[in-house]
Amino acid sequence: MSINTRFPVAVHALALIALNRNGERPSTSELIAKSAGTNPVVIRRILSQLKQAGLLESGPGKPETKLKKAAEEISLGEIYRAVQDREDLFSVHPNPSQQCWIGHNIHSTLEGPLRRAQSAMEAELDAVSLQDVAEDLLYRAGVDRDAKKTDNPAAAGEIKSKISGGRKMKKVTAVYFSPTGGTERYVKAIAEKLAEEVEIIDLTKPETRSRSYRFGPDDLVIFGAPVYAGRLPIIEGGIFDRIEGENTPAVFTVSYGNREFDDALLEEMDICQKHGFRGIAASGWIAPHTFFDSVAADRPDEKDLQAVETFADKVKGILEREEQGSLTVPGNRPYKEAKRIVYAPEAEEACVKCGFCATVCPVGAIDGQHPEKSDPKKCISCLACVKKCPREARIARDPGLTAIRQKLEPVLASARKEPQVFFAE
Ligand SMILES: Cc1cc2nc3c(=O)[nH]c(=O)nc-3n(C[C@H](O)[C@H](O)[C@H](O)COP(=O)(O)O)c2cc1C
Ligand code: SF4
Ligand code: SF4
């Protein structure tokens, strides 16, 4: 595990550029190198990465470098991503033995915890801006005794709202059902743009769905679910039915595989509003289609993530309004008929009976001791077991699925759909 010094040196350089008001002594790489105690060549390399990331600019032929946007709009997370290779934090040994069952599985076992640790670290960095760092430096140098320190999260949050008028909320809760991770990505991306701290309630796990949750009028909850046959997935006891609000502002989202979301968003909104939530915004996002490898495989892409950012900004705007109004989303009541689609996957010869598929099944349709088959009475065809089997030994071998792949896949792959967003008025 290693983070090299590129990131702190990059923050050092940007802070110096942000704070340097001395027109006679511009922020050249030589000046920064002197302050950072390193070589100008190292600084030039870092400045070039920061320019490429759109954080810095310099006029043609001028040695001085300037911030391309305001210091309060640059987070430490952005700086980290600009200069640090993503694998830097956790590099996994590349050649474990594929003959050994531990060696064969160690990468997939570590993938989840390491990804979550990386995300948690980036979320912390996203919550602190370059302006926070600059103010902290002024405070520590005794130049501005009103500024607070960045190592106190509460104080850092205070600084942030003082500087930017409450740019991010303190906390939001992301509540989602997401067997193959498409919905999860969008809900987390929205939540992370809205708040410094994101609480996660992952309803994909049966044990999480069996608990009850309660929110108050000062909370904000982002809900997310995938679209199955134009509706929410059919889950015994419902997906969101144990989440209670008390006039709690909420954002409703669905993710779907580039066909349509039909009545799913309306259904989600109706259920949550019945349980005490008040919709302020809603959205439908395109994610890789569960059944078709060639449909939306690369979504969310850059354009989608830009749309997430714009969406989150508008949500922040609504939260600042005195009157938030009411929300309308597309869909019909009564909803289209709910269809239970069943392609219960089975294990093939390569299966080593590790039982991992049973742990990722959201509805307990696989017996971990006998993972050969899935229970067709429980299976919702989410294909989480197929996609997450470390041996690629699970398959949904259903003639119905083959037929639908032949018919629908080329049609859905041929035209890109764009995200749809809706706001309370
Ligand atoms: C049973 C089933 C039905 C689906 N029906 C639709 C649909 O009606 N429209 C659509 O665009 N995508 C449909 N999809 C694709 C999923 O909505 C899409 O892949 C979603 O992003 C999966 O969410 P997840 O990755 O969070 O599990 C369906 C997927 C499954 C498994
Ligand atoms: S199908 Fe895959 S995950 Fe399930 S028991 Fe077999 S090898 Fe393990
Ligand atoms: S058995 Fe069915 S419900 Fe369970 S993970 Fe596999 S496809 Fe999803």
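This is a guided tour of the structure above, one selection at a time.

**Start with confidence**

The model you have open is predicted, so begin by colouring the protein by pLDDT. The average is 89, and 91% of the residues score at least 70. Now select residues 151–166: pLDDT stays under 50 over this stretch, for which the model has 20 contacts beyond four places in sequence. Where pLDDT is low, the predicted coordinates should not be read in detail. With that in mind, move on to the ligands.

**Ligand 1**

Select ligand 1 and show the residues around it. The shell has 25 residues, and Gly 182, Thr 183, Pro 226, Gly 257 and Arg 259 come nearest. Two elements give two or more residues to this shell: helix 8 (182–194) and strand 8 (248–256). Which element gives the largest share of the shell? Colour helix 8 to see the answer, as this helix supplies three residues. Colouring the shell around ligand 1 by class gives you 10 nonpolar, 12 polar and three charged residues.

**Ala 225 in strand 6**

Next, select Ala 225, which lies in strand 6 (residues 221–226). Is Ala 225 buried or exposed? Count the other C-beta atoms within 10 Å: there are 29, so Ala 225 is buried. Show its contacts, leaving aside neighbours within four places in sequence, and you will find Tyr 176, Phe 177, Thr 183, Leu 232, Pro 233, Ile 239, Val 254 and Glu 268. Thr 183 is worth keeping highlighted, since Thr 183 is also among the residues that come nearest to ligand 1. For a distance label, pick the C-alpha atoms of Ala 225 and Phe 177: they are 48 residues apart along the chain and separated by 5.1 Å.

**Lys 171 in strand 3**

Now go to Lys 171, in strand 3 (residues 169–176). Lys 171 has 16 other C-beta atoms within 10 Å and is therefore partly exposed. Not counting residues up to four places away in sequence, Lys 171 touches Ala 195, Glu 197 and Glu 199. Add a second distance label here, between the C-alpha atoms of Lys 171 and Leu 194: the two residues are 23 apart along the chain, and the label should read 8.2 Å.

**Helix 4 against helix 5**

Hide the side chains and select helix 4 (residues 76–83) together with helix 5 (residues 101–126). Their axes are 6 Å apart and make an angle of about 125 degrees, so the two helices are oblique to each other. Bring the side chains back at the contact: Leu 76, Gly 77 and Tyr 80 of helix 4 meet Glu 122, Leu 125 and Asp 126 of helix 5. By class, the residues of this contact are three nonpolar, one polar and two charged.

**Some backbone details**

Most residues other than glycine have a negative phi, and most peptide bonds are trans. The next selections show other cases.

Select the loop between strand 9 (277–286) and helix 11 (302–320), where you will find Pro 300. The peptide bond from Arg 299 to Pro 300 is cis, with omega near 0 degrees. Ala 296 lies in the loop between strand 9 and helix 11 too. Although Ala 296 is not a glycine, its phi is positive, about 55 degrees. Ala 296 counts as buried because 24 C-beta neighbours lie inside 10 Å.

Follow the chain past helix 11 to the loop before strand 10 (346–347), which holds Pro 334. Arg 333 and Pro 334 are joined by a cis peptide bond, with omega about -5 degrees.

**Ligands 2 and 3**

Select ligand 2 next. Its shell has 13 residues, the closest being Cys 351, Cys 354, Cys 357, Pro 371 and Cys 389. Nine residues of this shell are nonpolar, one is polar and three are charged.

Then select ligand 3, which 15 residues surround; Cys 361, Ser 374, Cys 379, Cys 382 and Cys 385 are the closest. How many residues of this shell are charged? There are none: the shell around ligand 3 divides into 13 nonpolar and two polar residues.

**Last stop: Leu 383**

Finish at Leu 383, in the loop between helix 12 (356–360) and helix 13 (384–388). Leu 383 has a positive phi, near 65 degrees, in a residue other than glycine. With 19 other C-beta atoms within 10 Å, Leu 383 is partly exposed.

Technical notes: Residues numbered from 1 in each chain as written. Chains lettered and ligands numbered in written order. Predicted model: local features only at pLDDT ≥ 70, side-chain atom pairs only at ≥ 80, totals over all residues. Near = placed C-beta within 6 Å. Helix = DSSP H or I, 4+ residues; strand = E, 2+ residues; numbered from the N terminus. Nonpolar A, V, L, I, M, F, W, Y, C, P; charged D, E, K, R; others polar. Axes fitted to C-alpha atoms, helices over the stretch in contact; angles between N-to-C directions. Parallel < 35°, antiparallel > 145°, perpendicular 65-115°, else oblique. Contact = placed C-beta atoms within 7 Å. pLDDT = per-residue confidence, 0-100. Buried ≥ 20, exposed ≤ 12 C-beta atoms within 10 Å, placed from the backbone.
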